[in-house]
Amino acid sequence: MKKKTLNYEEAIQRLEQITADMESGKMSIDELAERLKEAQNLIAFCKEKLTATDEEIQQMLKAVEK
Amino acid sequence: MTQPITLYELNSLVRNTLDSSLDETYWLQAELSEARLASNGHFYVEFVQKNKQGTGLLARAKGAIWSSTYQLLAPAFERTTGQSLRAGLAVSVMVSVSFHELYGYTLVVNDIDPDYTLGDMARRRREILLRLEEEGILNDNKELIMPPSLNRIAVISSATAAGFGDFCHQLWHNEHHLRFHLKLFPAIMQGARVEESILQALENILSENKLWDAVVIIRGGGATSDLSDFDTYLLAAACAQFPLPILTGIGHERDETVLDHVAHTSLKTPTAVAAFLIAHQHQALNQVLLCQQQITALTQHILATQQEHMEQLKRSITFGAAQTIREGAFILQQNSLRLQGASLDRCRKEQQRQSLIQIKLHQALSNRIAAEKNKLQMLSLRCEAMNPERILQQGYSLTRINGRIVKNAHELKPGDEIITQLAEGQVHSVVK
């Protein structure tokens, strides 16, 4: 995967591109499987960037209280 | 030469002259160059008037707000202007001129018009904003595009942490579990060093600006504010030109500082800033979830369409195949009928031809046999005519010597034994 250098903005743009491509109705079944996999990875990446686990939040709170 | 008088007498004279010749009160507009609250509760100030260039003083006078008056005026002033009475402010005050034999000339403040100070502060802010506009940088920060995800936040705030701690707490305890990375860049948020201190913090952020999505400038609640500390040209210019969007929450309700004007997003309080960030991120998360839903729905739609298409193809193929088979069978049958017809025809013709040939052959054979028979008859008749027995019957005889027929008498010499054949029997003779 090329996700190493990807940032959030690029990820969300790519997601919207994939959505638009799907909407255009020109996507083949072969391509669909590939795009779907990519989209799943991008969504996971974006969600991870936006949300944190409880554990992480507790750690951050501890750090600021010190 | 008049009689010398004492200092007290002279000062009394001045006092009486002033008292009798001056009005009881005047509204004075001046700038405060000093302001301090004494331990006895009185508030001592110094009024100055600068020359037009602002480089030198034209006039100076001491002033005082007596404790009882100060307790009435100060809270009202602060409420209106968001400022405490302090050096640097332009004020409009109702003063009575007092001259005391011991303490000298003092302007005693009886009333103060906060609106004048407010107006002056507004004028100063306008001047700064005008200058920024002329330099074309006023809206630079506002025009930055807010990134879609805004959760790496450089915070400029006071290091005495209550405000910052509350801010962190509020962000991290959001109900959507949104992630925020925060780092404090401590600065002094009150007093004369605000400008220098915030400029330094901005510089520190700038040196690592790739790590941050936005800068938040907040000041803990409850600080009795000297908002004009934030109204400086250098600070405003630095914020306007900062490459990251700046969000302010400097904790005031009435008026906007220059900083609020140039900031990308200006909010009233740190709490409001946190709420804004949470809302922004929640929207970003919703966008991702929406994308997810759309992609799922679209995938299903595409699959369903393709399946439908396939079914249709299948139906078309089945129908087409049946049709083709039917057509094929029909053509086959037609051909088979034609073939059959043609074969029968051909057979009949062959048969006719064969029987014709047979007849001809038969004819030819019969003719030939008859001819041969005839020929044979003739031959037989001829043979009959040639038969020696018949000739012998007629009286002729046949002579042989040693089995050989004798046709010439010279062939014989005396003594030869000959046999003569007659019609009936043989005669053996010897030649003489």
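## Asp120 of chain B

A residue counts as buried if 20 or more other C-beta atoms lie within 10 Å of its own, as exposed if 12 or fewer do, and as partly exposed in between. With that in hand, we can start our visit to this predicted model at a single residue. Asp120(B) has 18 C-beta neighbours inside 10 Å, so this residue counts as partly exposed.

Where does Asp120(B) sit? Its place is in helix α3 of chain B. Asp120(B) also has a partner from elsewhere in the sequence: Ala90(B) is 30 residues away along the chain, yet the C-alpha atoms of the two are 6.5 Å apart in space.

## How α3 meets α6 in chain B

Let us stay with helix α3 a little longer. Two packed helices are described by the angle between their axes and the distance between the axes. In chain B, helix α3 (residues 114–134) packs with helix α6 (residues 233–240) at an angle of about 40 degrees, and their axes are 10 Å apart. That angle makes α3(B) oblique to α6(B), and the crossing of α3(B) past α6(B) is right-handed.

Which residues make this contact? From α3(B) come Ile128(B), Arg131(B) and Leu132(B), and they meet Tyr233(B), Ala236(B), Ala237(B) and Ala240(B) of α6(B). Sorted by class, the residues of this contact are six nonpolar, one charged and no polar. As background, an α-helix has 3.6 residues a turn, so residues three or four places apart point the same way.

## Helix α1 of chain B

Here is a helix to check by length. Helix α1 of chain B covers residues 7–21, which makes 15 residues. At 1.5 Å a residue α1(B) should span 21 Å, and its end C-alpha atoms are 21 Å apart, so the two values agree.

Is α1(B) well covered or hardly covered? It is hardly covered, as zero of its 15 residues are buried.

## Chain A and its meeting with chain B

Now for the other chain. Chain A has three helices and zero strands, giving the order α-α-α from the N terminus on. Of its 66 residues, 23% count as buried.

Where the chains meet, 23 residues of chain B are in contact with 25 residues of chain A. On the side of chain B, the elements that give two or more residues are α4 (162–172) and α8 (270–386). The largest share there, 13 residues, comes from α8(B). By class, this side of chain B holds 12 nonpolar, 10 polar and one charged residues.

Note on methods
Residues numbered from 1 in each chain as written. Chains lettered and ligands numbered in written order. Predicted model: local features only at pLDDT ≥ 70, side-chain atom pairs only at ≥ 80, totals over all residues. Axes fitted to C-alpha atoms, helices over the stretch in contact; angles between N-to-C directions. Helix = DSSP H or I, 4+ residues; strand = E, 2+ residues; numbered from the N terminus. Parallel < 35°, antiparallel > 145°, perpendicular 65-115°, else oblique. Left-handed = near helix turned anticlockwise from the far one by under 90°. Contact = placed C-beta atoms within 7 Å. Nonpolar A, V, L, I, M, F, W, Y, C, P; charged D, E, K, R; others polar. Expected span 1.5 Å × (residues − 1).
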